[in-house]
Structure formats: structure tokens, C-alpha cells
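Me: Got a model I'd like to go through with you. Mind if I fire off some questions?

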Amino acid sequence: MRLNLTINGERREDDIDPRTLLVHYLREVAGLTGTHVGCETSLCGACTVHLNGAAVKSCTILAVQAEGAEITTIEGLARGGEMHPLQEGFWEEHGLQCGYCTPGMIMTAADLLAHNPDPSEAEIREALEGNLCRCTGYQHIVNAVRSAARKMRERKAA
Amino acid sequence: MSQRVTVNLGIPEAPREVTVVIPDDEPIPWQLGDHFAIVGAETPRVDGPAKATGAARYTYDIALPGMLYGAIVRSPYPRAHVKNVDLTRAMRIPGVRAALTITDGEIRFAGQEVAAVAAISSDIAADALARIKVDYEPLPFVVEMDAASADGAPSVFSGSNVGKPQISNHGDVERALAAAQYRIEATYTTPVQTHVSLETHGAVAHFDGGALTVWCSTQGVFTVRDDLAVLFNLPPDKVRVITDYLGGGFGSKFGASPEIVIAARLAKESGAPVKLMLPRGDEHLATGNRPNAEQKVRFGADASGKLVAIDLVQRGSGGIGAGSGSAGPFKMVYPCPNVRTEERNVYTNAGPSSPMRAPGWPQGAFALEMAMDEMARKLKLDRLEFRRRNNSNPVRAIELELGARAFGWPEKSAAPKSSGPIRRGIGVACAAWHAVGASGPEALAIAYRDGRVEIRCGTQDIGTGTRTALAIVAAEELGLPIAQISAEIGDTRYPFSLPSGGSMSSPSNTPAIRQAAAHLKAKLFKIAAPALGAEPSDLEARDGAIRVRFDPARRVAFKDVCRRIPGDSISAGGERIPNYAAYRPDQAGCQFAEVEVDTETGVARVLRVVAVHDAGTMIDPLTSRSQINGGVLMGIGYALFETRRMDPQIGLMVNPTMDDYKLVGPLDVPQIDVMFLNVFNGGTNTGVLGIGEVAHVASAAAVACAVSDAIGAPIRALPMTPDRILAALEHA
């Protein structure tokens with residue numbers, strides 16, 4: 001069936017099998033492989049994207065449920081060749097090791113910072129509870145989100 | 001030609017001069033007093049932007065034109081005879097391009113590969129799996145160690161399920177125990193733990209013109225290449241294996257494992273590229289695990305608080321796999337004149353074990369350190385003091401003091417215990433490992449006319465930061481900023497390297513990189529020397545320039561030297577020579593943990609961990625700290641949550657999901673303080689030691705000791721789940 005939606009600001013129209021999951025549509029049809037598959041059951045959060053501005057796990061949403069929606073993936077977070085402060089934060093604060101969970105972590109954190117520009121460490125951990133990482137120990141991830149939040153507040157103030 | 005050099009190794013508090021005879025072209029080992037431009041500074045990862053923007057391509061992300069999707073039928077029975085596999089109905093589904101029988105004999109564990117298909121989409125492949133008809137004859141099975149060890153138990157292979165004991169004997173343990181003034185005896189058990197790498201196992205395989213190219217999620221591109229070359233009867237140069245980015249492995253991704261071979265067989269059968277990534281559930285069943293263990297420990301100690309006898313009788317089951325031994329820590333952490341260890345594999349109808357982060361050590365360290373606590377209590381000695389008295393490693397001696405101070409051990413151990421429902425406890429545990437690396441790896445360093453430098457080495461970055469470590473070492477040797485270096489790894493077209501395991505990657509590869517960079521530098525010095533009016537031997541590479549050592553104002557920019565390269569580039573090779581004399585043959589570490597136990601619910605929470613380690617020459621504290629954090633995290637999971645639960649009645653794992661197999665989440669992590677001792681270890685030109693495993697050895701043990709301390713009674717089984725804690729409280 002036909003699917004119309006906007007991904008990272010670009011309108012798309014594709015013919016898809018109705019049972020196609022959003023994550024498979026994004027990766028296999030739209031070619032955006034930064035959205036990862038970790039558990040297929042909404043537990044690990046590696047597949048997190050934004051659907052109309054809210055973080056969702058794309059492995060348990062049918063692509064057709066995104067009809068008419070605006071989707072943002074990790075590839076759409078950087079603007080004009082410049083990394084998003086969260087992407088810089090995860091790099092500079094070493095919030096990543098193997099990097100497989102990273103895009104999902106960043107997309108969840110972006111949702112948090114949109115609602116709460118100055119989250120405490122506990123609020124960050126609470127927000128990221130649906131994203132699992134097996135490598136880093138989370139501490140550097142929390143540091144990365146704090147660093148990005150600071151940077152975003154400073155930019156807004158400037 | 002060789003050179004004899006004396007280097008000043010170790011730590012400032014305990015330095016030692018070591019004389020080594022090394023080849024002329026081997027750089028002099030980094031030593032105490034050396035000044036570094038980038039080694040030891042906090043360098044963010046070279047692959048950070050690729051990973052943070054989604055540009056990094058994992059095996060899961062590879063897509064080729066005309067690619068098919070593979071899927072595997074697995075046995076639902078723990079033991080069975082496969083009488084017939086009927087693929088015809090699956091082949092009739094439009095879009096199915098290949099179907100294969102994988103096993104037509106005996107099934108030995110639930111989850112074993114039976115058949116496989118390749119189709120034009122993953123959904124159609126899943127449809128096809130459902131149409132494959134397998135005729136099983138279920139057979140008696142056994143999934144638990146006790147049942148497997150009993151007389152008349154069903155044989156997992158043939159004969160007894162209990163393997164021959166591996167015995168190591170030093171001194172006379174029985175006599176020492178009989179004479180010992182203090183004795184303890186206890187039995188400790190640990191569960192099966194699975195790796196749960198975020199990226200599942202899998203491959204994309206493509207036959208083209210008699211050559212096989214495989215992208216796969218592996219810790220060893222060359223071992224996969226060699227395995228596939230044998231299996232498909234191809235010369236090794238006709239097999240290319242690529243692992244650009246890998247979503248975790250932890251020891252479970254070595255060699256051509258079944259899903260890689262099946263992907264290649266399906267590609268051959270269908271004549272099209274095939275991608276086969278495992279679903280999450282299969283990961284728990286079939287791709288490896290840390291075996292469980294039952295460890296019977298006896299200690300003897302004298303009145304001065306010294307261990308005089310250590311005895312371990314252990315058995316463990318890695319399902320149909322071996323390698324369940326856990327004696328390492330008993331032999332390597334605390335010196336003792338009489339040590340006897342006996343290890344046995346017990347085979348059961350469960351998925352095969354595979355190496356997992358410090359194989360055998362976290363389970364051994366748990367039993368060892370719990371027994372240390374039990375003995376310290378018997379001796380009425382402070383538990384830290386008991387460890388001090390039984391430590392002979394000068395590096396660990398310092399680490400214990402640093403850690404104790406940062407943790408506040410004296411204050412915390414003197415604090416009165418709460419009489420309320422929430423109780424706090426503390427624990428300390430020691431780690432050891434032997435990540436000195438090995439010879440074998442080669443490297444190539446290439447300078448281009450535009451000033452870029454590329455280093456190539458066929459190692460792989462399993463998430464630990466190998467790519468970054470290699471780039472730092474090359475940048476240091478060539479006096480360049482790291483942005484000017486590109487590290488190309490993860491491809492069998494690059495110079496040979498070893499699998500990434502045993503914390504061997506950094507100690508094995510960095511010396512080859514440094515040698516290659518030094519050889520490249522020597523060639524560039526020859527180009528630069530005439531312009532500087534100096535001999536090549538008088539030059540050094542620093543701050544992006546090549547300059548005269550005794551007159552640094554006479555310099556030429558590195559880029560300007562590169563412009564004089566005839567042709568497009570100049571390259572030099574480097575070789576990892578065998579280890580020579582080092583400061584120490586091993587490395588030490590210790591971790592302190594504080595926990596809080598709710599005695600009404602039985603829930604334990606880790607509040608704080610202090611981890612003190614040495615990584616040999618410190619290359620990058622930022623990535624090293626992250627490695628230690630990760631080791632601690634996995635240890636907390638092992639101590640409190642993780643366990644593969646088997647139903648003995650049906651022989652199946654009942655929790656093969658990320659929901660039911662509980663992992664540590666962001667809220668379960670305490671404050672972790674990591675401290676490093678920079679030990680110039682020598683032994684190679686970099687003196688780097690790997691830390692992936694030593695980071696994890698003591699973590700669960702420290703937490704377990706702290707939980708036991710909190711409730712005032714030892715809990716001798718992992719994981720320390722609320723039911724176990726409540727049961728122990730009843731007996732406390």
C-alpha cells in the first residue's frame with residue numbers, strides 16, 4: 001500500500017507491504033541505517049526515532065501508523081553539516097563505546113531536553129531507562145546529556 | 001642486528017631498570033620520564049562522530065543489490081533425533097530463493113540450527129520458516145548439573161556427562177589445612193550468564209566470481225576468513241572478511257560461527273548475497289554464554305593472617321561446550337604456598353558456552369573473595385587488612401591504599417550498622433589479568449603527498465576503542481595531531497592481526513603500529529634531512545614538524561616533507577615482535593563497593609563503586625575509564641540480576657528476552673569512581689596492557705561481599721536476587 005510521510009524534512013511516498021515495521025521501512029526502504037535493531041521488542045531502545053516530535057521505538061510501530069507523520073531519525077539531527085549538541089556531547093564526553101545503542105540514546109535524550117532543558121542526573125537516568133547499553137556503564141552517557149543540555153541553554157541565552 | 005637498551009620501568013613509587021636486547025629497528029620502549037604529546041591525554045574517539053550521527057555502518061546495516069534475507073529454524077527440543085526435514089512447502093512460497101537442511105542427525109540443545117531459508121524479504125523468510133516441516137523424535141535430556149552427573153543420566157554426547165578433572169597442585173594442601181590454625185569451608189554457586197551484545201550475531205555473505213566476501217559481526221576477521229576458506233575449499237586470498245563497526249561481542253563472536261556459515265551456504269545456494277542477522281532470542285540460546293559453576297572452597301590461614309592453604313573443587317556446565325573452569329583467580333590473586341585446584345566440565349543439553357569477558361574469572365573471583373571475607377571474619381581481621389597481608393604485588397598494594405582512601409573504607413567499616421530496615425554494607429575485591437599481548441600482528445603506515453597519514457591493521461574494534469588507541473600511538477610517534485591520522489581496520493585485506501579477545505588488542509597491536517610509524521618516520525627523515533642540512537639520525541618529529549633535535553628552530557612542516565614524496569605516497573611496515581622483559585608479567589586491580597539492602601523487600605542497590613586499575617602505559621584515560629565503567633556495570637548485572645533460567649521439566653530457557661533476562665539499566669548504576677595507576681610496563685615498545693577483562697573480574701565479587709556484609713550473613717549464590725537475600729536474612 002501507499003505510504004506518505006516526511007523523514008528528516010523530506011517528503012516521501014513509497015509502496016510497502018502493510019505489515020512492514022517502521023524500523024524496517026526506515027532502514028531498508030529509506031536507507032537510513034542509523035536507526036538500529038537491537039531486540040525487536042521495544043526493550044533496548046536502539047531503534048528510537050521521533051514521530052511528530054515524540055520519541056518512539058520504531059520496532060513496534062507499523063510504518064503505516066506513521067502515515068502523514070513527521071519522522072526524525074539520527075541522520076536528521078545534525079543541521080547544516082553541524083552536529084547536534086547531543087551528538088557532540090556523546091563524542092566529547094565519551095558517551096559511547098561500540099556505538100550500537102548511541103543513536104537511540106541520543107534520540108531519547110533529545111526528547112527529554114525538548115521538555116526539560118536542565119535535567120538533573122536522576123531525571124536523565126529516568127528518561128533513559130528504556131534504552132539499554134551493555135558497554136559504557138551509562139555514566140558517560142549521563143555526562144554527555146548534561147553537557148549537551150548546558151550547551152543548548154547557553155546557545156539559547158546567547 | 002640488535003641493540004641493548006636499559007629502560008626505567010614501573011611506577012615512580014617502585015621503579016625498576018630493565019635491560020632488554022631488541023632489534024635495531026624496534027623503537028625503544030616508552031618508559032618513566034618520557035614526555036608525550038598525546039599518549040595519556042584524554043582523546044575523544046576518532047569514530048565518535050560516525051557513531052553519534054548514525055553514519056557508522058555495522059554488519060546489520062550492510063545492504064547489497066539483490067540481497068536476500070536469511071533465517072534459521074531452530075530445534076524446540078533440548079534433545080531429539082531429526083528424522084526428516086521437508087523444505088518443499090517453504091520453497092513454494094513466492095520470493096523464497098533457497099532452503100537448506102542444517103542438521104539431520106542428533107539435536108543436543110534447544111535452539112540448535114536445523115534448517116535455513118533465504119527470501120527476498122525478512123517477512124517472507126519468516127513465513128517460509130513456518131512452512132518447513134521437521135519430524136523430530138524427542139529424546140531424554142538433562143539440563144542441570146546434578147541431574148547430568150547422576151548415574152543413568154541421559155548422555156549428552158556418549159558415556160558420562162562429567163569430564164575428566166583438570167588438576168593443578170602446588171605444595172601440600174591437605175597437610176597445610178590440617179596444620180592451619182584457622183579453616184573455612186564453603187560452597188559457592190554462580191549462574192549461566194549470556195553476552196547480550198546489542199548487535200546480534202550475523203553476516204552478509206556474497207559469492208562473486210569464485211570469491212567470497214563476508215561482512216560479519218566478528219571479533220576476529222582473520223579467524224573467520226581461515227574457517228570459511230577451509231569450509232568452502234577456497235584459498236584464503238579468495239575470502240575477504242570485513243567488520244568495520246561491531247555492536248559488542250564480549251567474547252561471543254570468534255570464528256565462523258553457525259550463522260556466518262549458514263549465510264555463506266545460502267548465498268552459494270541462491271547465487272545472491274544473503275544477509276542473516278539473528279533475532280534477539282537466538283542470542284540467548286545459541287551464541288554462547290558464561291558457564292555456571294559450583295565451587296567448593298577450603299582455606300587455611302595462620303595466626304598472622306596469612307593464607308597457608310587454598311583448595312578449590314569446582315564443576316561447571318557450558319551446556320554442550322567446555323571451558324567452565326574458574327581456578328584462575330585462586331592461582332593468581334593471593335600468593336599462597338599450598339594451592340590445589342580441581343575443575344570439571346559437566347555436559348548438559350543447553351547451548352554451548354563461549355569465552356565471556358575474562359572467562360572463568362568473575363565466577364572464580366566471587367568464590368575467592370567471599371571466602372576471603374569469611375576467613376577474615378574468622379580471624380577477626382578487617383577484610384581490607386586481610387587482603388593487604390596476602391598481597392605481594394607492589395602495584396596492587398598502592399591501588400588498595402588509593403582505593404581505600406577514595407572509598408572511605410576506614411570510616412565506613414567503623415560506622416555502626418543500622419538497625420532499621422535499610423542496611424548498608426561494603427566490600428572489596430581484587431582483580432588480576434595478564435593482558436600483555438602477543439606477537440603476530442603487522443601494520444602498515446602510509447604518508448600521502450597531501451600530508452595525511454593512514455595506518456592499516458587487520459584488527460577490529462569491538463567497541464573498546466582500538467581504532468582510537470592505534471591512531472593515538474601513530475600520532476605520538478609521528479608528532480602529528482590525531483585528526484591527521486586515519487586508522488583503517490577490520491578487513492582481511494589489511495596486514496594480519498589477531499582476534500580481539502583476552503584484552504589482547506591494544507597490547508598486541510599498538511607495538512606493531514608504533515614500529516610501522518617509526519619506520520615511516522625514518523623514511524621521511526631521509527627526505528627531510530638534506531633540506532635541514534642535518535643527518536636523518538639528528539631529526540625528530542614533533543608538533544607537526546620534522547626538526548633538528550638539538551636545534552628545534554631548524555624545522556620543516558610535516559606536510560612540506562610529504563610534498564617531496566616521490567609518487568603519491570610512501571609506506572612502511574611494522575611487526576609485533578615477541579614480548580621481551582617487562583616490569584611485571586601481569587596486572588593488578590581492586591574494586592570497592594557499597595550497597596544498600598532493603599531487608600523488607602530483599603532488594604539490593606549498589607550505591608558506589610571505586611575501581612583502581614593499571615593499564616600499563618596509559619594511552620587514553622577517557623576510553624579506559626569508560627571500559628572500567630562498563631566492566632563494573634556488567635559485574636553489577638552478574639551479581640544482582642543476570643541468570644539464564646532453564647526449566648528442567650521441558651529443557652528450555654524460560655527467559656530468552658531482554659525483558660526477562662534482566663540487564664542493568666541507567667537507574668541501576670551507582671556512582672563509579674575510576675582511578676588509574678600509569679605503569680610503564682615495557683615488554684613491548686608501548687608497554688600497553690589491555691583492560692577490558694580486568695575491569696570486570698572483581699566487580700561482582702565486590703558487590704557480593706558488600707551485600708553479605710549488609711545483611712550480616714554470607715550469600716553464597718549469584719545472582720543475589722530478593723528471594724535469596726530474604727532467605728539469607730532468615731538465617732542471619
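Reply: Go ahead. Domain bounds here come from an automatic or database domain assignment. On that basis, chain A is divided into domain 1 (2–76) and domain 2 (85–157).

Me: What are the ground rules for the numbers?
Reply: This is a predicted model, where local features need pLDDT of at least 70, side-chain atom pairs count only at pLDDT 80 or more, and totals for chains, interfaces and linings use all residues. Residues are numbered from 1 along each chain as its sequence is written, chains are lettered from A and ligands numbered from 1 in the order in which they are written, and side-chain values use heavy atoms, with hydrogens and water left out.

Me: How far apart do the C-alpha centres of domain 1 and domain 2 of chain A lie?
Reply: 21 Å. Contact (heavy atoms within 4.5 Å) involves 18 residues of domain 1 of chain A and 13 residues of domain 2 of chain A.

Me: And how much area do those two domains of chain A bury?
Reply: About 1,100 Å² between them, 58% of it on carbon and sulfur atoms. Buried area is the accessible area (1.4 Å probe) that two parts lose on being put together, summed over both.

Me: Which residues of domain 1 lose the most?
Reply: His36(A), His50(A) and Ile74(A), together 40% of what the domain 1 side buries.

Me: How many salt bridges between the domains of chain A?
Reply: Zero. The rule wants a side-chain nitrogen of Lys or Arg within 4 Å of a carboxyl oxygen of Asp or Glu.

Me: Switching to the two chains. How many residues does each give to the contact?
Reply: Chain A gives 43 residues and chain B gives 53. The two chains bury about 4,200 Å² between them, 57% of it on carbon and sulfur atoms. Gln97(A), Tyr100(A) and Arg134(A) supply 20% of the area that chain A buries there, more than any other three residues.

Me: How many salt bridges between chain A and chain B?
Reply: Four. One joins Asp61(B) to Arg27(A), with the closest N and O atoms 2.8 Å apart.

Me: Which helices of chain A supply at least two residues each to the side touching chain B?
Reply: α1 (22–29), α2 (85–92), α3 (102–115), α4 (121–127) and α5 (139–157). Helices are DSSP runs (H or I, at least four residues), numbered from the N terminus.

Me: What's the class mix on that side of chain A?
Reply: 19 nonpolar, 14 polar and ten charged residues. Ala, Val, Leu, Ile, Met, Phe, Trp, Tyr, Cys and Pro count as nonpolar, Asp, Glu, Lys and Arg as charged, and the others, Gly among them, as polar.
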